[in-house]
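Here is a short report on selected local features of one protein model. Keep the sequence and the structure at hand while reading.

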Amino acid sequence: MKAETLKGYELAITRVFDAPRELVWKAWTDPAMATQWMGPRGFKITECVPPSEVGRRWNRAMEGRRPGSDLLVRLRLSGMTKEVRPPELLVYTFAWEDRSSVGLEESPYKENIVTVRFEERGKKTVMHFTQAPFATEGERDGHNTGWNNMFDSFAAFLLAEQPERVADPAEVPSELHLKRFFAAPRQLVFDAWTKPEMVAQWWGPKGFTSTVEAWEAVNGGAIRVSMKGYGMEHPMSGKFVEVYPPYRFHFTAAALDKDGNAMFENWNSVFFEEVEGGTMVTIDVHVMSQTEVAPQYLKGMSAGWSSSLEKLAEMLESRVWGLGVRV
């Protein structure tokens, strides 16, 4: 193994949750609450003892369908809680019981360290998450996708725990979670999201047209799109992080200014589920980074996505009727 690999790689994730720190802490450390969210979308938690007490072992078991094969897999992981400082700090070891169950090879690091810090920011909570060391970049990046997937579930859970919460109209969103049903087969819906010629027909809010220069729906594939509307041009760049046809994919997207600099960058996850009569699509978006000019654009994120999805629904409806497709 190369010397530089032995240094290990670190995963760092920062997320902003629309919930007070006390609720975030409780949801992370209370077994009954953690069981409801502490796993990737599509997986059911069957056992959960979250890290909450120094010197005590934590563990989690979950089961779900492996993307691409639909095989039922059961995953187990555990570790030792090293430091607890409510409601701001958790430190614990982390290890998979069977690394091959998640497609990982043997590693010189039998376990690594997870550190989670929670910072108050008004009525929100900033989570600073790190995990290290990983033996390879690929292993680190795979965990990045898995954790972000789980944190999407966490964000949605936190909002559901606050039915009385009213968003401040002046608030800049840091998360977006949408579900949309389309009366079309899953493969057709997946194609509409991944084939450049189809994406160009619906991407962007109503009143906008899009030129898709690159939309390579493979792991690491490039994204370059230019939206035009109301006399303005809005370029975007990004890349596909992980693609499992026709189940899900994850991609990053950065809105660029006139000089080609990123004003903000989002992480996006899209899931496709076969349901009676069509396909349910779940979209999770979170802001990874932003500049001072970003808020004016991010405030329209929900409306923009909703408008785009209306265009997608119209396109799919015409395709289904035109092809005589039955769902």
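The report covers strand pairing, a buried threonine, backbone exceptions, a covered helix and the internal cavities.

This is a predicted model.

**Strand pairing**

Strand S5 covers residues 89–96. S5 runs antiparallel to strand S6 (residues 112–121), and six bridges join the two. Within this pair, valine 91 has threonine 115 of S6 as its bridge partner.

S6 also pairs with strand S7 (124–134). That pairing is antiparallel too and spans nine bridges. Here glutamate 120 is matched with threonine 125 in S7. S6 and S7 make a hairpin, with two residues between the strands. Glycine 122 sits in the turn and has a positive phi of about 65°.

**Threonine 81**

Threonine 81 belongs to strand S4, which covers residues 72–85. Is threonine 81 buried or exposed? Threonine 81 is buried, because its relative accessibility is 2% and the cut-off for buried is under 20%.

Its contacts beyond four places in sequence include a run from Pro51 through Ser52, Glu53, Val54 and Gly55 to Arg56. Trp58 is touched as well, as are Val91 and Tyr92. Val91 is the residue that has threonine 115 as its bridge partner in S6.

**Backbone exceptions**

Two proline pairs are joined by cis peptide bonds. The table sets them side by side.

| Cis peptide bond | Omega | Place of the second proline |
|---|---|---|
| Proline 86 and proline 87 | about -10° | Loop between S4 and S5 (89–96) |
| Proline 245 and proline 246 | about -15° | Loop between S11 (232–244) and S12 (248–256) |

Tyrosine 230 is another case. Its phi is positive, about 55°, although tyrosine 230 is not a glycine. Tyrosine 230 lies in the loop between strand S10 (222–229) and S11. Its relative accessible area is 67%, so tyrosine 230 counts as exposed; the cut-off for exposed is over 50%.

**Helix H5**

How many of the nine residues of H5 are buried? Eight are, and the helix (residues 186–194) is mostly covered. The buried set opens with Arg186, Leu188 and Val189. Phe190, Asp191 and Ala192 are also buried, as are Trp193 and Thr194.

**Cavities**

The model has two cavities of 30 Å³ or more.

The largest has a volume of about 100 Å³. Its lining counts 14 residues. Which of them lie nearest the centre? They are Phe94, Arg99, Tyr109, Asn112 and Glu139. S5, S7 and helix H4 (137–160) each give at least two residues to this lining. By class, the lining has six nonpolar, four polar and four charged residues.

The second largest cavity has a volume of about 40 Å³. Phe17, Asp18, Ala155, Leu158, Leu159, Glu175 and His177 line the second largest cavity. H4 and strand S8 (175–182) are the elements that supply two or more of these residues. The largest share, three residues, comes from H4. This lining divides into four nonpolar, one polar and two charged residues.

H4 thus has a part in both linings: at least two residues in that of the largest cavity, and three in that of the second largest.

Key:
Residues numbered from 1 in each chain as written. Predicted model: local features only at pLDDT ≥ 70, side-chain atom pairs only at ≥ 80, totals over all residues. Heavy atoms only, no water. Helix = DSSP H or I, 4+ residues; strand = E, 2+ residues; numbered from the N terminus. Buried < 20%, exposed > 50% of the residue type's maximum accessible area, 1.4 Å probe, protein only. Contact = heavy atoms within 4.5 Å. 1 Å grid on protein atoms, 1.4 Å probe; cavity = no way out; pocket = protein on both sides within 12 Å on 5 of 7 lines; lining within 4 Å. Points joined across faces, edges and corners; volume = space filled by probe spheres on them. Nonpolar A, V, L, I, M, F, W, Y, C, P; charged D, E, K, R; others polar. Pairing = 2+ DSSP bridges.
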